[in-house]
Amino acid sequence: MIEVQDLWFRYPESDYVLKGISLEVPRQSYVAILGENGAGKTTLVKHFNGLLKPTRGKVLVCGLDTREHSVASLARRVGLVFQNPDHQLFANTVYEEVAFALKNFGFPEEEVKRRVEAILAELELDRYRDRSPFLLSMGERKRVALASVLCYEPDVLVLDEPTTGQDHKQKEKLAELLQRLVDKGKTVVVVTHDVEFVADHIPISIILSRGQIRGQGKTLELLSNEDLLAETFLFPPQLTAILWKLSKLGLHPAPSVEEVVEAMLQARRQSP
Amino acid sequence: MRVFEGLYYVKRNTAMHRLDPRAKLVYVLCITILSTAVFHTALPMIMLFISVIPLAVEGRVLRRLLSTLRGGAMLAAFIFIFNFIGRLWNIGFVSPSSPEFLEALMPSLAMALRFLTLIATFSIFFLTTSPDDFAQALVQMRLPYDYALTFTMAMRFIPTLAREAQIVADAQKSRGLELEKGGFMQRIRNYIPILVPLIVSSFRRAETIADAMESRAFGASKKRSFLYMLRFKLSDTLFSAICIAITAAIIWLRLSSFLPP
Ligand SMILES: Nc1ncnc2c1ncn2[C@@H]1O[C@H](COP(=O)(O)OP(=O)(O)O)[C@@H](O)[C@H]1O
Ligand SMILES: [Mg+2]
């Protein structure tokens, strides 16, 4: 679906921000891109719909070279939801805001109306339909921004830091929504430094650090690699951290919840 | 956004950077007087323009200066074209080989060049003067601190704004906005989705900053103290004196008709 071949990129007058990135996001996969602040995650995903063009190397979206296609035509396939909703909200009403992309892509009037209503209902935004998006809370504004991309049903959905500023319940709802999309056959890419969220929900991860890929594969395997995490400035998920602590105490629990609980109980019995 | 590059201060350690902002202002003033009040034709404008280059090289900001000028060239071209057409209009459209044609052409050219010279001069000043030093200079020149601060904060936020404009444009393009689509009016309308978020977030930011400043007691006492003061060094005196002397000499030569107008 998305293929990145030896991608190097730098902004005018800056050093290389991406240094030889190669990766593949297969159709219908659910992938996290993890990395510390400034690792180059946002810069990388801006290549997925052609907003940025490689300084060297190649990015293919559905087999199309991003250098040869307009952002508008690529964006129709790859929906990118930006980190900060305030960088895109502009319309008078939530309805208008969500309809914006649909109108740009030339959907007929009836279809626009149908889709906007549907997505507003799905994201529990329908009661704000005629309100100004600027008057909503941060979590709600983020959902409006998400709705405004989801509504045109791109094949690939890329979300930049979707969990920042969201409480636990909202995160769980987001996870459910993304899982539904994956089940429907969409490809979902989540860019984040929220290790906990990734460990709980996303099966495959790519770890980026200082513009290079430092690991890719099964999330739980990557996130239990102590050296890798230390090198890439990421904290392990709490469960993993507990396991490590336990094994340093001489206990070697296997990674299943029951066994961890058993090991913890054992540790408690041993301590006076 | 490239036009703005000529306004960002770039931190470097060169003689131009070390000069007191007030000494640099003397220089800016001299060039301004010469290019507006003293000379009116193309040749002296070119000379004045060229005189800026060595200072840019010394301050190691030539590349940025050039990119500002590239932005300014558009406006200069407008100035030239409108002037030229206006003058041709007045004398009636004449053949390109007639002396009247040249008489219309040269002053228009001079106007455009004057504009570029002024841009280059101001640009050098801002490229090599930190906003903080500039504010301090304004304060020591008895401008109320509020005004000096307003000005430097505006300068400080130009790069932020430019970067933000880029992000907003990217976000809207990702939702299928095509800036180049449609007729003239449509194209102007295409910018609304970019301008609105930019303005809204600027207001938000202004509010945040105001709160942050008030919570740190900005304006609580009438008399401010300053952490450091600018001092006019010998090199500053020399630089200013040389600027004034050369300018005076040029004006004298001009008044006694040794130099063309
Ligand atoms: N428009 C830009 N111009 C110059 N440098 C930039 C720009 N955007 C980001 N950078 C730099 O590129 C690096 C990677 O940034 P980014 O992709 O935003 O990282 P992340 O999303 O992983 O936090 C950072 O060092 C950042 O300062
Ligand atoms: Mg980012």
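Q: How many nonpolar, polar and charged residues make up the shell around ligand 1?
A: In this predicted model, in which local features need pLDDT of at least 70, side-chain atom pairs count only at pLDDT 80 or more, and totals for chains, interfaces and linings use all residues, side-chain values use heavy atoms, with hydrogens and water left out. The shell has 3 nonpolar, 5 polar and 3 charged residues, where Ala, Val, Leu, Ile, Met, Phe, Trp, Tyr, Cys and Pro count as nonpolar, Asp, Glu, Lys and Arg as charged, and the others, Gly among them, as polar. Residues are numbered from 1 along each chain as its sequence is written, while chains are lettered from A and ligands numbered from 1 in the order in which they are written.

Q: What makes a residue count as being around ligand 1, and which residues are these?
A: A residue is near a molecule if one of its heavy atoms lies within 4 Å of it, and the residues around ligand 1 are Y11(A), V17(A), E36(A), N37(A), G38(A), A39(A), G40(A), K41(A), T42(A), T43(A) and R163(B). Ligand 1 accordingly lies between chains A and B. Helix α1 (residues 41–45) of chain A gives the most to this shell, with 3 residues; a helix here is a DSSP run of H or I with at least four residues, and a strand is a run of E with at least two, both numbered from the N terminus.

Q: Why is the pair formed by ligand 1 and the side chain of T42(A) called a polar contact?
A: An oxygen atom of ligand 1 is 2.6 Å from an N or O atom in the side chain of T42(A), and because a polar contact is a pair of N or O atoms within 3.5 Å, this pair qualifies. Polar backbone atoms also take part: that of K41(A) is 2.8 Å from a ligand oxygen, and that of A39(A) is 3.2 Å from one. Taken alone ligand 1 exposes 560 Å², of which the protein buries 66%, the areas coming from the Shrake-Rupley method with a 1.4 Å probe.

Q: How do you know that β9 and β10 of chain A are paired?
A: Two strands pair if DSSP finds at least two bridges between them, and strands β9 (residues 204–209) and β10 (residues 212–218) of chain A have 6, in the antiparallel sense, so the criterion is met. L208(A) stands opposite I213(A) in β10(A), and in the hairpin, with 2 residues between the strands, R210(A) takes a positive phi near 45°.

Key. Polar contact = N/O pair within 3.5 Å; in protein donor to acceptor, adjacent residues only side chain to side chain.
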